[in-house]
Amino acid sequence: MAGPVGRVRTRWRSSLYLRVVATTLALSILVVVVLGQVLMGRITSGLLDAKQRASLVEAQAGLNQAQALITAAGEDNAERNQSLEPVAVQLASGGQGTPRLYDVLLLTSSTSLYQRGSSTVTVESVPDDLRSAVENEDVQASTFTEIVYIDGRPPVPGFAVGAPLTVPGLGTAELYYLFPLTQEQQTLDLVRRTLLFAGLVLVLLLGWISWFVTRQVVDPVRYAAAIAEEFSAGHLSERMTVRGEDDLARLARSFNDMAASLELKIGQLEDLSRVQRRFVSDVSHELRTPLTTVRMAADVLHESRDDFDPATARSAELLQTQLDRFEALLSDLLEISRFDAGAATLDVVEGDLHDAITSVVEALLPLAEPTRTRIRIHQASEPATAEFDPRRVDRILRNLLANAIEHSDGQPLDVRVGVSDEAVAVVVRDHGTGLRPGESSLVFNRFWRADPSRVRSIGGTGLGLAIALEDARLHGGWLQAWGAPGDGACFRLTLPRVLGTDISASPLPLEPSDATTERRMPLSVGAGARTPPTGSGVSDDE
Amino acid sequence: MVHDRHGRCDHGDMKGRILVVDDDTALSEMLGIVLRGEGFEAHLCSQGDLAVAAFREFNPDLVLLDLMLPGKDGIEICREIRAESGVPVVMLTAKGDTVDVVLGLESGADDYVVKPFKPKELVARVRARMRRTDGGRPESLEIADLAIDVPGHTVKRGDEHIALTPLEFDLLVALARKPWQVFTRETLLEQVWGYRHAADTRLVNVHVQRLRSKIEIDPENPQIVVTVRGVGYKAGPA
């Protein structure tokens, strides 16, 4: 039911054409109808007035003639009675023609005798009102009437003029002229038909004109809209064609100016960012050759440290460890610049998240050793198989776990795996210092540190979580953080089981169930910098 | 100490002759120090356009080749060396993730090391490439219409001799020794290249292509080294 109505409404709202044309049609129909009515009224009254005037003149002439004939006929009653008939006939003969111009009735009501001037019309053609007016008031009167014929022809509208006729000895007779308005009727019918036709044509013409005019405005507007859509879809070189000097040409010119300036600005920004990324990448690459040399030199020194005095030996050791750190930083920088350049690609295989977790945890045990941090793995009841890039997922897990070990203050870590139909998730929970309000959205920022004064025990590069976030995003997954002061932090990685599908919900909650309730509320900020806490995927940035 | 190392590894005079082609003199010098420390004889060359001449003169057992060189780039040098010799070529590259690696491998390099590398890593790569299947025990294999003489390092189709690089030869022998077995790329990386951990499987892909182009009658439709989809490669039915 609501379907078609809804469609029409939508169409009405969305189409300027429809609105303009429909409004024009409605208004022009109204105007034409009113105009037609007025015109019709004027023509009708004009025609009838003329007819009326002519009829009265005619009737007056007939009356005079009849009076003259009667007066000339003499005094004899019988003869007069006889003579009235020929008078009427003679009068009526003036109305001969096809159709008849008029009919004449000569009535004498006192004797209830009436004679006809013309034998075609009935007495009923003369309205009673008119008769009584003529009889009683003894003046000429006229009215519109319907002429009824004797031979059964359909009655026609007519104009009746009556006047008293003084017949000596007999009293008063009434003479009625009946003018059929057939011709006028026909004329009016013709005029009405013509007006109707003209009105119809006019309305259609106006509709077409409005469509045509609207098209002149709407088409360029639609064209402009299409170009603007193209432009906003990223085709920055789209321009409108400027034609003429009118307002639409001005619109096109303004649009083009805007587009050109936007294109320029965007181009400049892109260049700038390309140059910057290129620079980062070049710097990283250029650093590699000297770093290789230094690395090897340090290694040679390190191998021979037993031969050195303690200070030099320690220096060689420091050189070695710091080079490891430097190298890690450099490779992280390179990785980030690869993400920034959009050059990162996925090397996907189908695997079980459990296996990845087990191997990463095993590899990280030496890190957890000094603080005796226990890592508890809570596996899901079913296999957590999904399509992912093992190298990247290993790196995400390594970063999350290393980060958790560093911030756990020796408290045990919980690694929990969850599986649903659409996604697999792993939550890494520590019970360390936790995060202050607002920090859960900062942890994924590059080189961000929760506490700048805090000693880095493991010595991450500061890029680990940023890279992890990019890795997750590359999979179309989520990486989110939760934390409360004194209640530890919680990181959740959610990956789609089938690559390229959207995730609607993670199989595991982000807020740990063991979190203190009153702290939970204001701090359960989701997500990394650009990751939506809920919703469909994180690919919103590209 | 050096003497100690010498004594441990020496089976003659030197373990091998290595030509180092790198324009960064500090790095080449350092490479020289490390390689000599490991008992290799190293010869340094810092210019691309002199590399091929140095190769002919020095006649090394292995070439360490930087990809970005002034004069003539590493890819071109590698191609020229390959044209006249099957000596193992290990590329030094600063860009492990780009097409450079594939380009280098396709031009004939056997393996590559990404800068910055640890000296041990480099030495392991060098050793793996210079390791020779010990001769002595005569072993001859037949696969399809090819006859392989393992100690003699020759492959023949009928009377026609097919020249393979040592790496390609090792690859073919590894496959031909167990024609019933499907080798994953990882297994081949371990057996032929000597990688202990997962490495770049592009190495295998590129070298299988190169091997096919030499031994297959129709490389587009290989009959000897067959791809097993989703698993790896096997030597085709004899």
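A residue counts as buried here if 20 or more other C-beta atoms lie within 10 Å of its own. Keep that cut-off in mind as you go round, and remember that you are looking at a predicted model.

**Stop 1: helix α9 of chain B**

Select residues 202-215 of chain B, which form helix α9. By the cut-off just given, its buried residues are B:L203, B:V204, B:V206, B:H207, B:V208, B:R210, B:L211, B:R212 and B:I215. Now check the length of the helix. At 1.5 Å a residue, its 14 residues should span 20 Å, and the C-alpha atoms at its ends are indeed 20 Å apart, so the two figures agree.

**Stop 2: chain B as a whole**

Widen the selection to chain B. Its secondary structure comes to nine helices and twelve strands. Of the 238 residues in this chain, 39% count as buried. Among contacts in chain B with a separation of 6 or more, 55% come from residues 24 or more positions apart.

**Stop 3: the five-stranded sheet**

Still in chain B, show the strands β1 to β5. They make an open sheet in the order β2-β1-β3-β4-β5, with parallel pairing. Which strands stand at the edges? They are β2 (41-45) and β5 (111-114) of chain B; each has a single partner strand, so one side of each is left without a neighbour in the sheet. From one strand to the next, the twist averages 20°.

Next, pick out helix α4 (residues 74-84) of chain B. This helix packs on the sheet and touches β1, β3 and β4 (89-93) of chain B, and its direction makes about 160° with that of β3(B).

Zoom in on β1 (residues 17-21) and β3 (residues 62-66) of chain B, which pair in the parallel sense over four bridges. Here B:V21 stands opposite B:L65 in β3(B).

**Stop 4: two nonpolar cores**

Stay with these strands and colour the nonpolar residues. The largest nonpolar core has 64 residues, of which B:I18, B:V21, B:V63, B:L64, B:L65, B:V89 and B:L172 touch the most other members. Helix α7 (residues 166-177) of chain B supplies the largest share of this core, with seven residues.

Centre the view on B:L64. Leaving aside residues up to four places away in sequence, B:L64 touches B:I18, B:V20, B:V21, B:L31, B:V90 and B:L92.

Apart from the largest core lies another, of 51 residues; A:I405, A:A423, A:A481 and A:W482 are among them. That takes us to chain A.

**Stop 5: strand β11 of chain A and its hairpin**

Select residues 478-483 of chain A, strand β11, where six of six residues are buried. In a regular strand, side chains alternate between the two faces of the sheet. Which residues of β11(A) point which way? A:W478, A:Q480 and A:W482 point one way, while A:L479, A:A481 and A:G483 point the other way.

Add strand β12 (residues 489-496) of chain A, which runs antiparallel to β11(A) and is joined to β11(A) by six bridges. The bridge partner of A:W478 in β12(A) is A:T494. Between the two strands of this hairpin are five residues, and A:G486 takes a positive phi near 75°.

**Stop 6: where the chains meet**

Finally, show chains A and B together. The contact takes 13 residues from chain A and 15 residues from chain B. On the chain A side, the elements giving two or more residues are α6 (247-303) and α7 (310-340) of chain A. It is α6(A) that gives the most, with eleven residues. Coloured by class, this side of chain A shows four nonpolar, four polar and five charged residues.

Definitions and conventions. Residues are numbered from 1 along each chain as its sequence is written. Chains are lettered from A and ligands numbered from 1 in the order in which they are written. This is a predicted model: local features need pLDDT of at least 70, side-chain atom pairs count only at pLDDT 80 or more; totals for chains, interfaces and linings use all residues. Two residues are in contact if their C-beta atoms, placed from the backbone, lie within 7 Å. Ala, Val, Leu, Ile, Met, Phe, Trp, Tyr, Cys and Pro count as nonpolar, Asp, Glu, Lys and Arg as charged, and the others, Gly among them, as polar. Two strands pair if DSSP finds at least two bridges between them. Axes are lines fitted to C-alpha atoms, for helices over the stretch in contact, and angles run from 0 to 180 degrees between N-to-C directions. The expected span of a helix is 1.5 Å times one less than its number of residues. A residue is buried if 20 or more other C-beta atoms lie within 10 Å of its own, exposed if 12 or fewer, and partly exposed in between; C-beta atoms are placed from the backbone. A nonpolar core is a set of buried Ala, Val, Leu, Ile, Met, Phe, Trp, Tyr and Cys residues joined through C-beta atoms within 7 Å.
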